[in-house]
Amino acid sequence: MGRRDDTARRNDIASALAAVRTRLDAACRDAGRDPAEVVLLPVTKFFPASDVRTLYDLGCREFGESREPEASTKIAEFRADSGVVDVVRWHMIGRLQRNKVRSVVRWADTVHSVDSVRLADTLDAAVGVARDDGTRSGPLEVLLQVSLDTDPARGGVAVEEVDALAAHVAASPNLALRGLMSVPPVDSDPDQAFAWLAVVHAGVLRDHPAATVLSAGMTGDLEAAIRHGSTCVRVGTAILGQRPIISA
Ligand SMILES: *Cc1c(COP(=O)(O)O)cnc(C)c1O
């Protein structure tokens, strides 16, 4: 891109980000909540490291990615940028295949999509190795992805199995249980889905008081998510524009 295109892109992102922040503030006000309780997590999958840098310059310090090896490559490029000095936190929000775990634990601070004991065990072991060889320091923060529908293809642990998986993650030495995540079923009423998720979250909080994060809400449904207690909205399209149509 030429310099003029670069400037146009940065301006587009700046105004889109400001519009999303305004939307978030209004949603919090309507829900009687303090906007400081809700983290905006820009989702940068499919977009280049230069867009991440633009968001960083606009004050963002946490980002969501969902695909390997795209994320590893982009994050290495972003980290090599000498203009970046502050600590940035990376979130893996997409479905995680077990053969991608080794590379993901080198960059992810938080994984939002843990939905099985098998995946939790694979992550726990890989984080142990990465801590031993110095490629990461702390434990991995984990959110359990809860399935609110009956289609197992979309990922997520069934509501009946959430308690057992939460106990398993809490007992894993290299994992820290931080909360829940969900994507409402296609064609569902988001208010109904998020209301149910809030009930499940309250149940988990009884046994795991540190599991305070509720990752819920995207471009299309963030207002409903905030009405039902979301503490983290994952927003891609409204900030960076349309992605190519590939399911991710
Ligand atoms: C891509 C993605 C998002 C962002 O969705 P938008 O509708 O573009 O805001 C949020 N959550 C997950 C899990 C995603 O994969």
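**Exercise 1. Work out whether Ser188 is buried, exposed or partly exposed, and place this residue in the chain.**

Start with the accessibility: Ser188 has 28% relative accessibility, so it counts as partly exposed. The cut-offs behind that call are under 20% for buried and over 50% for exposed. Keep in mind that we're working with a predicted model here. Next, find the spot: Ser188 sits in the loop between β7 and α7. Last, try a distance. Ser188 and Thr44 are 144 residues apart along the chain, and their C-alpha atoms are separated by 25 Å.

**Exercise 2. Look at Asp187 and say what its backbone and its surface exposure are like.**

First, the location: Asp187 is in the loop between β7 (175-181) and α7 (190-207). Now the exposure: at 79% relative accessibility, Asp187 counts as exposed. Then check the backbone. Asp187 has a phi near 70 degrees, which is positive even though the residue isn't glycine. As background, most residues other than glycine have a negative phi.

**Exercise 3. Track down another positive phi, and then a cis peptide bond.**

For the phi, go to the loop between β1 (39-42) and α2 (49-57), where you'll find Phe46. Phe46 isn't a glycine, yet its phi is positive, at about 75 degrees.

For the peptide bond, step along to Glu68 and Pro69: the bond from one to the other is cis, with omega near 5 degrees. Pro69 belongs to the loop between β2 (62-65) and α3 (70-79). Most peptide bonds, by contrast, are trans.

**Exercise 4. Which residues have the most contacts inside the largest nonpolar core? Follow two of them outward.**

Begin with the core: it holds 65 residues, and the ones with the most contacts inside it are Leu123, Leu144, Val169, Leu180 and Ile239.

Take Leu123. It lies in helix α5 (residues 117-132) and counts as buried, because its relative accessibility is 0%. Skipping residues up to four places away in sequence, Leu123 touches Leu96, Val101, Val105, Val114, Leu140 and Leu175. You can also check Leu123 against Arg98: they're 25 residues apart in sequence and 8.2 Å apart in space, C-alpha to C-alpha.

Now Leu180. Leaving out its neighbours within four places in sequence, its contacts include Leu143, Leu144, Val162, Leu197 and Val213. Leu180 is also in contact with His201 and Ser215, among others.

**Exercise 5. Describe the surroundings of Val233.**

Val233 is part of strand β9 (residues 232-235). With 0% relative accessibility, Val233 counts as buried. Then list who it touches beyond four places in sequence: among them are Leu24, Val38, Val39, Leu40 and Leu41, along with Ala216 and Gly217. Finally, the C-alpha atoms of Val233 and Leu214 are separated by 8.7 Å, with the two positions 19 residues apart along the chain.

**Exercise 6. Zoom out and sum up the whole chain.**

Count the elements first: there are nine helices and nine strands. The radius of gyration is 18 Å, close to the 18 Å that the globule rule gives for 248 residues, so the chain is as compact as a globular protein of that length. Along its principal axes, the C-alpha trace spans about 55 × 50 × 30 Å.

Next, burial and surface: 46% of the 248 residues count as buried. The chain exposes about 11,800 Å², with carbon and sulfur atoms supplying 52% of that area.

Then contacts: among those between residues at least 6 apart in sequence, 64% join residues at least 24 apart. To finish, the charges: the mean positions of the 29 positive and 34 negative ones are 4 Å apart.

Note on methods
Residues are numbered from 1 along each chain as its sequence is written. This is a predicted model: local features need pLDDT of at least 70, side-chain atom pairs count only at pLDDT 80 or more; totals for chains, interfaces and linings use all residues. Side-chain values use heavy atoms; hydrogens and water are left out. A nonpolar core is a set of buried Ala, Val, Leu, Ile, Met, Phe, Trp, Tyr and Cys residues joined through side-chain atoms within 4.5 Å. Buried means under 20% relative accessible area, exposed over 50%, partly exposed in between (1.4 Å probe, protein chains only). Contact means heavy atoms within 4.5 Å. Helices (H or I, at least four residues) and strands (E, at least two) are DSSP runs, numbered from the N terminus. The radius of gyration is taken over C-alpha atoms; the globule rule is 2.2 Å times the number of residues to the power 0.38. Accessible areas come from the Shrake-Rupley method with a 1.4 Å probe; for residues, only the protein chains shown count as cover. Lys and Arg count as positive and Asp and Glu as negative; His and the chain ends are not counted. The place of a charge is taken as NZ of Lys, CZ of Arg, CG of Asp or CD of Glu.
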